[in-house]
Amino acid sequence: MAIGFQHTLQQQLHELVVRAARPFVSWTESLEGVDPVSFFMQGPSCGFRERFFWSDRSDGTILVGLGSVHAIETGEKDGRFREVDARRRQWASQIERHGDTDAPPLLFGGFSFDPHRTPTDVWRGFSAGKLIAPAVLLSMRNGQAKLTVTLPAGGGGREIEQVGRLLGRIAAPPLPAPLPALVAAREADSGRWMEAVRQAIASIRAGALDKVVLARARQLTFAGTIDAGSVLARLREQQPFAYLFAFEQDGRCLIGASPEQLVQKEGETCRSICLAGSARRGATVEEDERLGAWLLSDRKNRQEHQFVVRMISRLFAEVCEAVEMPDGPQLLKLPHIQHLCTPVVGRGCREPSVLRLVERMHPTPALGGTPRERAMETIRALEPLERGWYAAPIGWVDVYGDGEWAVAIRSALLAGSQAFLFAGCGIVADSDPQSEYEETNVKMAPMLSALGVMHHD
């Protein structure tokens with residue numbers, strides 16, 4: 001990047017901060033020739049302790065946030081979404097915007113799966129709800145890149161210096177660091193998880209509930225620190241049709257490649273993807289087609305999928321003038337797995353914020369079960385882990401209340417030389433514990449591959 005532009009932007013930011021009439025100042029400028037993953041990698045070397053990455057399934061929207069100029073955090077259990085959204089609106093009213101105002105400032109973040117579970121040290125810093133306004137935002141929409149810098153009024157000297165350092169390094173993007181070797185792998189007693197599945201099946205057959213999702217975890221230890229940027233670069237290469245996300249704070253990073261959109265809101269249009277029912281990919285075209293045909297006709301998977309379709313279509317009907325969806329599910333084929341998939345679109349949405357839609361939808365039957373409260377009680381009683389932000393909403397919201405959220409599945413929590421991998425599956429009356437266990441192994445494959453771990457390791 002030209003040194004002149006770098007110095008001019010730093011000078012403009014300094015003048016805006018000094019003259020600001022509101023608590024925050026935001027400046028947006030077009031930018032060219034920037035790779036978003038390389039931009040993410042530059043964060044730590046420029047002094048930014050927080051990083052966020054988001055890419056939708058088509059790469060139509062890519063967002064990278066560095067640093068934190070403002071944070072909204074809550075430990076609230078039952079009112080967390082409303083509290084965060086109220087504080088989001090307050091923050092939006094405090095920003096003085098300059099430059100290209102077509103690219104609004106954003107907040108990135110997520111929520112825990114179940115705020116009523118006691119947090120463990122594994123998820124230290126990942127609270128019941130947390131949104132961060134990045135100091136520097138790279139937004140790429142349909143190939144057009146823009147840089148947004150947001151600073152506190154009357155200050156921001158350190159952030160302006162960091163921005164200058166970042167701009168000076170964009171022309172020389174770093175190479176992904178080599179991933180360290182795997183040293184050890186450990187998981188909680190698999191027999192205990194299989195017994196939890198058997199108990200869940202018995203409860204479902206007794207009529208206590210229709211479906212419950214149970215998850216398990218693996219802990220991997222490596223020979224050195226795992227670089228989130230290197231893992232993200234591998235995910236981008238290996239999982240081109242997934243939602244890529246990363247949320248890093250103080251060296252701990254939740255990262256993944258989720259196939260599942262929770263909800264998107266753009267003006268009065270909202271969208272969601274119903275995703276439930278899974279099968280592995282075939283080794284040959286013929287086997288893959290046979291597995292796909294089986295998935296489309298399998299009673300257990302169709303039933304599991306229909307629970308999600310009914311819930312989301314009913315919710316959209318409550319808040320939208322019209323709901324559009326196909327008559328039956330499609331196949332979503334990803335590198336390691338294929339799913340039953342039904343897109344749902346709502347027109348004339350009356351909710352003013354995507355966060356209010358997130359509140360209504362989480363957890364869907366694909367992540368929790370049905371009926372919702374009975375399923376959550378069963379998870380608390382049977383599941384041998386605390387999910388933290390796994391299988392929970394992760395995404396972004398802008399100053400207008402628009403945004404997009406996915407569910408943080410096919411993910412891992414990186415913490416120094418350790419990685420915690422998570423996977424779950426839907427349990428219904430026809431479930432088989434061994435088959436469900438094997439399905440969770442398939443769902444861990446994308447993150448194992450991104451970490452450079454072969455299946456036999």
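What volume does the largest pocket have? In this predicted model, the largest pocket has a volume of about 600 Å³. Let's take a walk through that pocket and then through the enclosed spaces.

**The largest pocket**

Lining the largest pocket are 29 residues. If you want to centre your view, T61, R141, Q264, E266 and W396 are the ones that lie nearest the middle of the pocket. Strands account for a good part of the scenery: β8 (136-141), β9 (144-152), β14 (261-266), β15 (269-280), β18 (337-347), β20 (393-398) and β21 (403-407) each supply at least two lining residues. The biggest contribution to this pocket comes from β14, with four residues. As for chemistry, the pocket lining holds eleven charged residues, together with nine polar and nine nonpolar ones.

**The cavities**

Now for the closed spaces. A cavity here is a set of points where a 1.4 Å probe fits but cannot get out, and the model has five cavities of 30 Å³ or more. The largest cavity contains about 180 Å³ of space. It is lined by 21 residues, and A366, I409, R410, G424 and K443 sit closest to its centre. Three strands, β11 (211-222), β15 and β23 (418-427), each give at least two residues to the lining of the largest cavity. Of these, β15 gives the most, with four residues. That makes β15 a handy landmark, as this strand also supplies at least two residues to the lining of the largest pocket.

The second largest cavity has a volume of about 50 Å³. Its lining can be listed in full: E50, R51, F52, G65, G67, F108, I132, P134, F247 and E248. Two elements, β2 (50-55) and β12 (243-249), give two or more residues to this lining. The top contributor to the second largest cavity is β2, with three residues.

**Side by side**

Here are the linings by residue class.

| Space | Nonpolar | Polar | Charged |
|---|---|---|---|
| Largest pocket | nine residues | nine residues | eleven residues |
| Largest cavity | ten residues | five residues | six residues |
| Second largest cavity | five residues | two residues | three residues |

Which strand gives the most to the lining of the largest pocket, and with how many residues? That is β14, with four, and two of the residues nearest the pocket centre, Q264 and E266, fall within its range of 261-266. R141, also among the residues nearest that centre, belongs to β8 (136-141), while W396 belongs to β20 (393-398).

Methods:
Residues numbered from 1 in each chain as written. Predicted model: local features only at pLDDT ≥ 70, side-chain atom pairs only at ≥ 80, totals over all residues. Heavy atoms only, no water. 1 Å grid on protein atoms, 1.4 Å probe; cavity = no way out; pocket = protein on both sides within 12 Å on 5 of 7 lines; lining within 4 Å. Points joined across faces, edges and corners; volume = space filled by probe spheres on them. Nonpolar A, V, L, I, M, F, W, Y, C, P; charged D, E, K, R; others polar.
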